[in-house]
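Reader: Please take a close look at the packing of helices against one another in this model, and set it beside whatever else in the backbone needs care. Which pairs pack, and by which residues?

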Amino acid sequence: MSTWRIDLSNFRESCHRKSRRVVPVRPNALRTWRAHVLFLGAGLCAAVWIFGMAGAIFAQGNETSDTAQPTLRVGFGKSDITPARPTPMAGYYGVRFSTGTHDPLWSKATILDDGKTKVVLISIDLIATTPWMVAETRELIREKFGIPEDCVMISATHSHTGPMLYEPDERLPARFGNQTDEAKQYMLSLPSRILESVAAAESYSIPASLHHGIGSETKLAFNRRFFMTDGTVGWNPGKLNPKIVREAGPTDDGLPMIIVQDDQSTPIGILSSFAIHLDTVGGTEWSADMPFTIEQCLGRVFGPNRHFQYATGCCGDVNHIDVRSASRQGGHQEAARIGTRLSGAILRNLNALQKATSTGIQASREIVLLPKAPHTEERSRWAKEVLSKISDTPAPPFMDMVEAYRIADVEARGDSLIEAEVQVITVGREIAWVSLPGEIFVQLGMSIKAGSPFATTSIHELANGSIGYVPTQQAYAQGNYEVISARCAEGSGELLVASALKQLRAQFNAKQQ
Ligand SMILES: [Zn+2]
């Protein structure tokens, strides 16, 4: 893991907004939910690379408590992580400062504790997670709550209307305002702000049970790569493009859901994930994008103080654009449409969930070393020329910038391989969360789900750092945007899948039947 660390002592206080919201879910507030639940019941009723999987496998876990019932405690909390002042925004190849807030960005935390092992799942409304952010936050959580790094999973929803993320690693090229003082101050404040959501969850953890299952939502997400009439594979080829032949990859309709109930059988929180790229809103106002609508919709059903934690699944090649429809698909109304449909799918499937029969928690992670995408000396010189013109008007062509940044990033890493953390957290033999550190092609996520021995496997991408796009081996030969952008070489995605499946099998087999 990362070894560099910045002294935050001078920054923590100055970067906090006094009025920042921290919202725990209080047990006494949960009692009123029963009425809502009754309403709900009535109304809805590689040639894989030879590169070794490097590094140590870190593992924590309770292998023997599966039969002891009920021992599980669950706590929820969230904290406002919206930048306090105008800050460069993430999401696109250009600098744009924020002008206001449409809806706040949140860090949402769920703590699960079986009495022997405590884990925390964190979802943040940001474009990505970075190594420094994750290492620093994990260290704070370990210092404050004694939860080891292996047991802390931090994923980003990939909102394109959050801030640019400051990179303390000076080797990497600056981009689109990420080295400004505003971006730096924001990043330096972030770990302690995420910690507040964990503190809120820790303060109010209560005895609880888990119910789990996989719902589905079809025709909401679309693969954005297409075979074209000229034999190439197109990327976002445009609506009603007559040269489209068919999709070059699948979509994942699965909607993993975990509902948490208190000891009165009252639902107190819902965790879900879905494979759809979170780039709907655009503009210059802070917004969590579609998860904002999920919280609004489910909050109306269950009450506003409940906890709805959404994570983005493997969607490196999947977005919300239906090229066979001419209708415009952007802005807050489109985000509301997507969020409302996903909320409906969650509600439709609630009654079909199964109660988890065991509570033993395990956590493990592995640092997989990935090969870097190759390029020639000539291409290196070309990339430097492109980057020297990045501020020109007009800017260099989009795909040229994408490739030039990839080459600069790859060269900045020197001789070292790319470190990619794969983490697995499981409850009993039924529920699994898997994290992957990048924008992962959907087929890779589907391979993990298909090979997982657990009944419900939820995958969170852009977690515990981000290595950029991770295409399938098949996609490398087809080229286009994600492949041009990918820092890791062909076969990397399949190595991540192998690590995830290895850890899933190990945890499953370690638990008593
Ligand atoms: Zn994106």
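Author: What follows deals with confidence, then with the helix pairs, then with a small sheet and two backbone details.

The model is predicted: local features are taken at a pLDDT of at least 70 and side-chain atom pairs at 80 or more, while totals for chains, interfaces and linings use all residues. Residues are numbered from 1 along each chain as its sequence is written.

The pLDDT is the predictor's confidence in each residue, on a scale from 0 to 100. Its average over the chain is 87, and 86% of the residues score at least 70. Residues 1-20 stay under 50, and the model has 22 contacts for them beyond four places in sequence. Here a contact means that the C-beta atoms of two residues, placed from the backbone, lie within 7 Å. Residues 63-68 are also below 50, with 17 contacts in the model beyond near neighbours in sequence. Where pLDDT is low, the predicted coordinates should not be read in detail.

Now the helices. Two packed helices are described by the angle between their axes and the distance between the axes. Axes are lines fitted to C-alpha atoms, for helices over the stretch in contact, and the angles run from 0 to 180 degrees between N-to-C directions. Helices are DSSP runs of H or I with at least four residues, strands are runs of E with at least two, and both are numbered from the N terminus.

Helix α3 (residues 131-145) packs on helix α4 (residues 181-203) at about 40°, and their axes are 9 Å apart. That angle makes α3 oblique to α4; angles under 35 degrees count as roughly parallel, over 145 as roughly antiparallel, 65 to 115 as roughly perpendicular and the rest as oblique. The crossing of α3 and α4 is right-handed, meaning that the near helix is turned clockwise from the far one by less than a right angle, whereas anticlockwise would be left-handed. Among the residues making the contact are Met-133, Leu-140 and Phe-145 of α3, along with Leu-190, Ile-194 and Val-198 of α4. By class, this contact of α3 with α4 has 10 nonpolar, two polar and three charged residues. In this scheme Ala, Val, Leu, Ile, Met, Phe, Trp, Tyr, Cys and Pro are nonpolar, Asp, Glu, Lys and Arg are charged, and the others, Gly among them, are polar.

Helix α5 (residues 290-302) and helix α6 (residues 331-349) have axes that come within 8 Å and cross at roughly 45°. These two helices are therefore oblique to each other, and α5 passes α6 in a right-handed crossing. The contact includes Phe-292, Ile-294 and Leu-298 of α5, and Ile-338, Leu-342 and Ile-346 of α6. The contact of α5 with α6 has 13 nonpolar, four polar and no charged residues.

Helix α9 (residues 442-451) and helix α12 (residues 492-510) pack at about 20° with axes 10 Å apart, which makes α9 roughly parallel to α12. Their crossing is right-handed. Leu-444, Ser-447, Ile-448 and Gly-451 of α9 meet Gly-493, Leu-496, Val-497, Ala-500 and Leu-501 of α12. Six residues of this contact of α9 with α12 are nonpolar, three are polar and none is charged.

Away from the helices, an open sheet of three strands runs in the order β11-β10-β12 with antiparallel pairing. Strands pair if DSSP finds at least two bridges between them. The edge strands β11 (233-235) and β12 (244-247) each have a single partner, so one side of each lacks a neighbour in the sheet. Strand β10 (residues 225-228) pairs with β11 over three bridges, and Arg-225 has Trp-235 of β11 as its bridge partner.

Two loops hold the backbone details. Thr-393 and Pro-394 are joined by a cis peptide bond, with omega about 0°, and Pro-394 is in the loop between α7 (377-388) and α8 (398-412). Lys-219 is not a glycine, yet has a positive phi of about 60°; the loop between β8 (206-216) and β9 (222-223) is where Lys-219 is placed.
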